[in-house]
Amino acid sequence: MGKFDFNIPDDFIKQLGRLADVDRIAPQMIDEAMPILEKNLKKELSKHRRTSTMLDSVKKTKAGKNKYGYYATVRPTGMSKIYKDNRGVIRQRKEPVRNMEILAHLEYGTSNQEAKPVLTKAIKDSENAVLNKMQEVFDREVGR
């Protein structure tokens with residue numbers, strides 16, 4: 001029977017010990033990366049704004065944890081009470097419409113409106129910057 005011996009470097013053991021602190025580091029990584037996605041989503045939405053109610057309502061949440069892991073969201077909140085008609089006149093809505101519903105119509109289209117995937121583009125444009133920011137936070141926290 002062969003024998004296999006190896007030594008683990010002390011700094012690697014320290015890093016592994018710090019990984020047990022994932023419940024502190026993971027939310028921090030997410031919270032520091034979300035402003036990047038929020039900025040890119042607002043940039044994309046500004047190209048399609050009519051009344052600015054949806055654009056102004058975009059908010060990020062703090063990191064949370066569920067049974068699948070850690071998460072955060074960037075989404076429009078609230079209701080739109082006004083709209084711009086075909087002639088460019090701003091009018092009151094008969095019934096308020098959720099800004100998230102307006103975003104879904106913009107993203108996926110309707111029978112009367114062509115799809116304009118602003119959310120997909122914002123996510124794609126943000127991906128590398130978000131990953132880099134999360135790596136930066138991870139390195140900073142594990143390097144302590």
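1. Let's start with helix α5, which covers residues 118-142 in this predicted model. How far should its 25 residues span at 1.5 Å a residue? The expected span is 36 Å, because the rise is counted for one less than the number of residues. The C-alpha atoms at the ends of α5 are 35 Å apart, so the model agrees with the expectation.

2. Now follow the path of α5 with your eye. Where does the helix bend? Look at Glu127, where α5 bends by about 45°.

3. Next, see which side chains of α5 are covered. Val118, Ala122, Ser126 and Val130 are among the buried residues of this helix. Val137, Glu141 and Val142 are buried in α5 too. A helpful idea for reading such a list is that an α-helix has 3.6 residues a turn, so residues three or four places apart point the same way.

4. Stepping back, the protein chain has five helices and six strands. In sequence order they run α-α-α-β-β-β-β-β-β-α-α, so you can trace them one after another along the chain.

5. A small detail to find on screen is Ser52, in the loop between α2 (22-46) and α3 (53-57). Ser52 is not a glycine, yet its phi is positive, at about 75°.

6. Finally, some totals for the protein chain. Of its 144 residues, 25% are buried. About 10500 Å² of the chain is exposed, and carbon and sulfur atoms supply 53% of that area. Among contacts between residues at least 6 apart in sequence, 51% join residues at least 24 apart.

Conventions:
Residues numbered from 1 in each chain as written. Predicted model: local features only at pLDDT ≥ 70, side-chain atom pairs only at ≥ 80, totals over all residues. Heavy atoms only, no water. Helix = DSSP H or I, 4+ residues; strand = E, 2+ residues; numbered from the N terminus. Buried < 20%, exposed > 50% of the residue type's maximum accessible area, 1.4 Å probe, protein only. Contact = heavy atoms within 4.5 Å. Areas by Shrake-Rupley, 256 points an atom, 1.4 Å probe, with all protein chains shown as cover. Bend = angle between axes of the 7 residues up to and from the residue.
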